[in-house]
Amino acid sequence: MHRFFLTGIIAVIIFFTSCIEDGFSNSPSHQPDYSTDTLKIGEVFTAQGTPTRSFIVYNRHSKGMVISNIKFRDSSTGEYFRVNVDGVSGREFNNVEIRAKDSIFVLVEATVPENGFDAPRVINSPLDFTVNGVTSTVIINISGRDVNRLNGETLTADTRFTADRPYLITDSLVVAPGATLTIEAGASLYFHDKASLRVRGSLVTEGTPEKPINFTGDRTGNVVGGIPYELMSGQWDGVRFYSTSRNNTLSHTSIRNSSTGVTVDSVPEGVNALSLVNCVIRNTKSTVLSSRHASVRAVGCEFAEAPAGVVYLHDGTHQFVNCTFSNYYLFAGITGALISFNGDDINATIDNSILYGLGSVISPDDIEGMPIFFRNSLLKPAGSDDDNFIDCIWDANPLFYTVREEYLFDYRIQEDSPARGSANLSLLNGIPEAARDYYGMSRGNTPDIGAYVYTPVN
């Protein structure tokens, strides 16, 4: 009985083994396929590890395959990469088996050394796979760029940041009282997790349509699949202006993907707290702009994507001209209005502006008797003009190019938008900064409502 049972087990093992093991091919015509011929890691900062990227090696044949050797052809660039083949880490791999109709994963990370140049260094390093005497290749593509690293810096004297190399801020960057940080056109500041810019002195950015300035998180590439980190809020803390701060002027500057956006706190009345010209402040985990007991002036700006509401104003005197306020935030329910007003000493005008998106438009919803005025603006809800709303366009869709479901957030207007040619030119008198938009397009004599002048988008 026991002998019969043992014999049966052996027979079963032999049967399944014969089904699984069809032998290994030694034909040069039997070669692997790859999920890509070029693995693009993207542009990264030198001397800093990259996220992991991967590709798949397929054996589409009816017999097993032995990859006799896997290694980088150029050892001088190959040493920048860390490779894992089918769960095994190393720099060179021999006799890697892939069963018939099966596949393996290859994972790649990199650290590119500093190259001593301002321009990025592009590296295309061939990773060779040799099977049955034939070599095929996957190119590992990466671009390494040197950066200026700042960790816990306090600027006590006037300082100028140039556009030669990006700045990587890994802790708070502080502008001390009395000091001015000037950032030239085309510069980029990348902030690590929880890093921030704290302005106790002054901040001046000199962006242009051709060379805007960027403040964003330091993570590049995709979170998963085709979803880029560019869509993720909360990658860094934000920009805060303190009570000692003065004469802050930002031009053609994009501030995005932070936790708290831009905060202005307790700058005395009559002091130029913050002036924004053709700026984009978007995608935060709270509000994109919060001002408490301070005054803000914004011309041609986009404010968008924030779960707690887009702009919060508590007291102070505020002017918004040809701005776009919108909210299609992805990662949480929207609890706040596009613009919220609070306090007993607040004055605000919102002229030639668009207010449209998910959630409510203003809070409180009844501002009767308050010195808050919307003039010649396009508003999502149905309503009618009164003392606070003057010559407004009600219950109208501005026809943004934004498609939330496709992760496209473009607040330029389409050809048939009711905002086209509907701005009041007289509200732009005495505001030379309003002559052109973020992209440098002229508003002309029949300007559009909102931050952006209509232009066809491909």
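Start with the largest pocket of this predicted model, which has a volume of about 340 Å³. Select Val280, Arg282, Glu302, Phe409 and Tyr439, which lie nearest the centre of this pocket among the 16 residues that line it. Then colour strand 25 (253-256) and strand 28 (280-282), the elements that each give two or more residues to the lining of the largest pocket. If the lining is coloured by residue class, 9 nonpolar, 1 polar and 6 charged residues appear around the largest pocket.

Move next to the second largest pocket, where about 280 Å³ of space lies. Here the selection to make is Gln48, Pro51, Asp218, Arg219 and Thr220, the closest to the centre of the second largest pocket out of 16 lining residues. By class, the lining of the second largest pocket divides into 5 nonpolar, 7 polar and 4 charged residues.

For a single residue, select Ser326, found in strand 33 (residues 324-327). Is Ser326 buried or exposed? Ser326 has a relative accessible area of 0%, and is therefore buried. To display what surrounds Ser326, show the residues it touches, leaving aside those up to four places away in sequence: Phe303, Ala304, Glu305, Val310, Leu338, Tyr356, Gly357, Phe400 and Tyr411.

The next stop is strand 9 (residues 121-131), a mostly covered strand in which 8 of the 11 residues are buried. Add strand 4 (residues 65-72), which runs antiparallel to strand 9 and is joined to it by 5 bridges; to find the pairing in the viewer, select Ile67, whose bridge partner in strand 9 is Val131. Then add strand 10 (residues 134-145), which is also antiparallel to strand 9 and is joined to strand 9 by 11 bridges. Within that pairing, Leu127 has Val138 of strand 10 as its bridge partner. Between strand 9 and strand 10, which form a hairpin with 2 residues between the strands, select Asn132, which takes a positive phi near 50°.

Finish by colouring the whole model by pLDDT. The mean for the protein is 93, and 94% of its residues reach 70 or more. Which residues should be selected to see pLDDT stay under 50? They are residues 1-21, for which the model has 1 contact beyond four places in sequence. Where pLDDT is low, the predicted coordinates should not be read in detail.

Terms used:
Residues are numbered from 1 along each chain as its sequence is written. This is a predicted model: local features need pLDDT of at least 70, side-chain atom pairs count only at pLDDT 80 or more; totals for chains, interfaces and linings use all residues. Side-chain values use heavy atoms; hydrogens and water are left out. On a 1 Å grid over the protein atoms alone, a cavity is a set of points where a 1.4 Å probe fits but cannot get out, and a pocket is an open set with protein on both sides within 12 Å along at least five of seven lines; lining residues have an atom within 4 Å of a point. Grid points are joined across faces, edges and corners, and a volume is the space filled by probe spheres set on the points. Helices (H or I, at least four residues) and strands (E, at least two) are DSSP runs, numbered from the N terminus. Ala, Val, Leu, Ile, Met, Phe, Trp, Tyr, Cys and Pro count as nonpolar, Asp, Glu, Lys and Arg as charged, and the others, Gly among them, as polar. Buried means under 20% relative accessible area, exposed over 50%, partly exposed in between (1.4 Å probe, protein chains only). Contact means heavy atoms within 4.5 Å. pLDDT is the predictor's confidence in each residue, from 0 to 100. Two strands pair if DSSP finds at least two bridges between them.
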